[in-house]
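Hi,

Here is the structure I said I'd pass on. Have a look at it first, and my notes on what turned up follow underneath.

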Amino acid sequence: MDNLILPTKNTWCPGCGNFGIQNVLREVISQNDREKTVLVTGIGCHGKIADYFNVNSFYSLHGRAIPSAVGIKMGNEELQVICSVGDGDAYNEGIAHLIHAAKRNSNITVVVHNNRVFALTVKQATSTSPKEFVGSTTPKGGVEEPINPMDVMLSTGASFVARGYVGKPEQLTRIISEGVKHRGFSFIEVLQPCVAWLNTYESYNEKTYEMEEEFLPLQEAREKAREWDYNNGGEIPLGVFYREEKPTIEEQVGEVSFVDTKEILEKSK
Amino acid sequence: MGNNLGDLQIIIGGAAGEGSKKAGLLIGKLFNSYGFRVFIHEDYESVIKGGHNFSQISVSRECKDVIEEKIDFLLALNKEAVLKHKEKLKKEGVLIYDFGAIDEDFSEEGGSVIKIPLKEIVDEAEGIPLMKNTALVSAFSKIIGMEWDRVSEVLKRELPVATEKNLEVAEVAFEKTEKIEEVEEGGGNQPLPLLSGNQAVAMGALEAGLECYYAYPMTPSTGVLQFLAKVEGVRTFQPESEIAVVNAALGSAYAGKRTMIGSSGGGFALMTEGISFSAQSEIPLCVVLSQRMGPATGVPTYQAQADLLFALNAGHGDMMRFVVAPGDADEAYYLANKALNIAWKYQMPAIILLDKELSENTYGVKKDFDLEKEEIVREEKGEDYNRYEGEDVSPLIFPGGEATVKVTGYEHDKKGVATEKAEEIKAMHEKRIRKYEKLKEELREEETVKTYKEGSTAIIFWGSTKGTVLEATKEMDVKLIQPLVVQPFPEEKIKEALRETERVVCVEANATGQMTKVLKEKGVFVDKKILKYDGRPFTVEELRKELEK
């Protein structure tokens, strides 16, 4: 027994894609230093994972898990910060935080549980729902095109960009492990069907494929990211698209140390 | 004007970008080195270049944190400064202006006029145009009879960039100017640290062990970040928004770092969800709220005390905060220290309510108080640790050790796992209320209300109006009452202070009488409200007139 799961009652729907992510994260955390791991989550079905894991956790506000995670890493660089967020969380409410965490190369790992729907609030469209998605607030189908977060991340400085699928758990475990090991901002989108509102198992099983070549040059990674438009067109590539070594924000901001206030006062006379 | 300079009011003004603010501070530091007490009021428009900026320096032998309507010296870097302020000159006042930049001869209008050819001076020393402010300060110091050794010493210290060139410019200006006054030592006073309210808040927090300061730029709170960014040993960070600021601060505090954040009304509004999170998750959070004229964008660089009700009620849900309202830099220093300590001791949000005047004006800091750093008792906790255990304040452990630390914005059980159970919800609310009661108990022994003098009329005020109220009522038999802590509100102490009084006047810089409303809710009734809401601080003269009505 790894003692990683709390006896909390699990309330995800039977067959929910979140179980797959939980199993993978359990594997990844058990390979790491459990005491140094902090799991940060937003609000949505994915967020419940904070209550299920027996690890340090910060169950943040909707959309705000990423700045909380950035702050935790700023506060103590020794902590291994894994940030689980939903698509509503990271692509709708908190997309500015996602982009800026990538831009500043904060040394955290962001795992997006992308079920492409607001599930816990009972079926509304998110930024990555298919355009014509019929939800409880779009009874005639949506009118907005989805965004392509992989493309956004590759354009805004993320130093590790990958996509996995809960239906391919071995590859997903490898991707998340590499993301956690990567020194810098790791972005991992996980395709996670919602059995209640947007059951995409069949279509993902058919359309996803594991990329033969990973770690592409930036331009090629971008082209690869555009292969799937988050509607119904195109094949869906899985794997690590891009990785780059560059300084993290935590390495570059000032160190915390003793401040001599007497000296400051003397100088201000 | 006599030969012995005593209390002085000096205005130095120019276009934004001409460095009149820096020059004002230099003049303040010069008088400070002569042992005078100095207060500087800043007035500027929301523009980068052009517009009109001025500093008014109040020089006195005793501490007096006010400016007066009439001035002794007007130092003008451009024509607008002359036109805007010359009416304020006393009959024997002196106009000193940049002859060259202003090709008009104001000497014909009567009164003393001294023309300084700043451009000529700067050119002679081969300086750059921006050094005109150094030249003007130096010329002024000569006029009032300061000694070159003292002047050059202060300039050397205060002008770390292009020091030599600035000194050359200053020396030429000093030599070319005629001495007409005789400055004396300011009554044997020792020079004081000169700090703005923003800087004093930063200092007080540093003495409470501040480790991280996060903020998004917003006038008039930006000075805190600018100041701390230059302090070695503090981690400063400017994220993408105030929402990111507050959530990052919660993260850093969870990780164990004493963190403070700051903004003005609009940015503070964005932070409120995070403030509520602090209350629920019991993560210490200390917020500087520097008020400016609202609503919405309002008048960004001008004064108001109109976020009192907002600060007292910020955050959704049944939640409590600690809110302080300092009235000068010393109180800002002391109360910021207190607020950060209380936030950590009681694991709750604390708000330091400043206003534009307090934030940006410069004060001599006496620091006649003792400061503490609340030590967090680090109990060794093992696997069985529960973040929310206990009756009121829970043991605070940071992640990274054997204990698993779970925090959440959901209502939760003692482990930190979300709950919807009726008895657990109720119990957690009561736990947080008990914490607040404990805080109230502690504050009973503290000076949460200051009173000054006695009289049958009581004047209640808060924040930066303090200096003006003290000065305006100098000759009046009135009782002055200043709440320093505004949540938990010290109504008992205020009622006690009012016991012998017959009439209550409340003075504040807002349009609706927010403190009056708070007092009314607590059963204290105000007979007369004196309000000011034109973005400018009260002057002594106008407040006196209002009080005499």
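Let me start inside chain A, bearing in mind that this is a predicted model. Helix α3(A) packs against helix α5 (residues 95-103) of chain A at an angle of about 35°, and their axes are 8 Å apart. On the α3(A) side the contact uses Ile66(A), Pro67(A) and Val70(A), and on the α5(A) side His97(A), Leu98(A) and Ala101(A). Sorted by class, that gives 5 nonpolar residues, 1 polar and no charged.

α3(A) is worth keeping on screen, as it turns up again at the other chain. Helix α3 (residues 65-75) of chain A also packs with α9(B), at an angle of about 45° and with the axes 6 Å apart. That angle makes α3(A) oblique to α9(B), and their crossing is right-handed. From α3(A), the residues making this contact are Pro67(A), Ser68(A), Ala69(A), Val70(A), Gly71(A), Ile72(A), Met74(A) and Gly75(A), while α9(B) brings Ala244(B), Asn247(B), Ala248(B), Ala249(B), Leu250(B), Gly251(B), Ser252(B) and Tyr254(B). The split here is 10 nonpolar and 6 polar, with no charged residues.

Now the interface as a whole. Chain B puts 48 residues into the contact and chain A puts in 41 residues. On the chain B side, at least two residues each come from β7 (194-196), α7 (197-206), β9 (235-237), α9 (242-254), α10 (265-281) and β15 (406-408). Which of these gives the most? α9(B) does, with 9 residues. By class, the side of chain B that touches chain A has 26 nonpolar, 13 polar and 9 charged residues.

There is strand pairing across the chains too. Strand β2 (residues 56-59) of chain A runs parallel to β15(B), and 3 bridges join them. Within that pairing, Phe58(A) has Val407(B) of β15(B) as its bridge partner.

One more helix pair in chain A: α1 (residues 17-31) and α7 (residues 169-181) pack at an angle of about 45°, their axes 9 Å apart. α1(A) and α7(A) are therefore oblique to each other, and the crossing is right-handed. α1(A) contributes Gly20(A), Asn23(A), Val24(A), Leu25(A), Glu27(A), Val28(A) and Gln31(A), and α7(A) contributes Pro169(A), Leu172(A), Thr173(A), Ile176(A), Ser177(A) and Val180(A). The residues of this contact come out as 7 nonpolar, 5 polar and 1 charged.

On to the layout of chain B. The domain assignment splits chain B into domain 1 (8-176), domain 2 (194-364), domain 3 (377-438) and domain 4 (449-548). Taken over C-alpha atoms, the centres of domain 1 and domain 2 of chain B are 33 Å apart. Where these two touch, 15 residues of domain 1 are in contact with 9 residues of domain 2. α1 (20-33) and β2 (37-43) of chain B each supply at least two residues of the domain 1 side, and the largest share, 6 residues, comes from β2(B). That side has 6 nonpolar, 4 polar and 5 charged residues.

Chain B also has two open sheets to look at. One has 8 strands in the order β6-β5-β4-β1-β3-β2-β14-β7 (chain B), with mixed pairing. β6 (112-116) and β7 of chain B stand at its edges with a single partner strand each, so one side of each has no neighbour in the sheet. From one strand to the next the twist averages 20°. Inside this sheet, β1 (residues 8-16) and β4 (residues 71-76) of chain B run parallel, joined by 4 bridges, and Ile10(B) stands opposite Phe73(B) in β4(B). α1(B) lies across β1, β2, β3 (50-60), β7 and β14 (362-364) of chain B, running at about 10° to β3(B).

The other sheet has 7 strands, ordered β9-β8-β10-β11-β13-β12-β19 (chain B), and its pairing is mixed as well. β9 and β19 (485-487) of chain B are its edge strands, each pairing on one side only. β8 (residues 212-215) of chain B and β9(B) pair in the parallel sense over 3 bridges, with Thr236(B) of β9(B) as the bridge partner of Tyr213(B).

Cheers

Terms used. Residues numbered from 1 in each chain as written. Chains lettered and ligands numbered in written order. Predicted model: local features only at pLDDT ≥ 70, side-chain atom pairs only at ≥ 80, totals over all residues. Axes fitted to C-alpha atoms, helices over the stretch in contact; angles between N-to-C directions. Parallel < 35°, antiparallel > 145°, perpendicular 65-115°, else oblique. Left-handed = near helix turned anticlockwise from the far one by under 90°. Contact = placed C-beta atoms within 7 Å. Nonpolar A, V, L, I, M, F, W, Y, C, P; charged D, E, K, R; others polar. Domains from an automatic or database assignment. Pairing = 2+ DSSP bridges.
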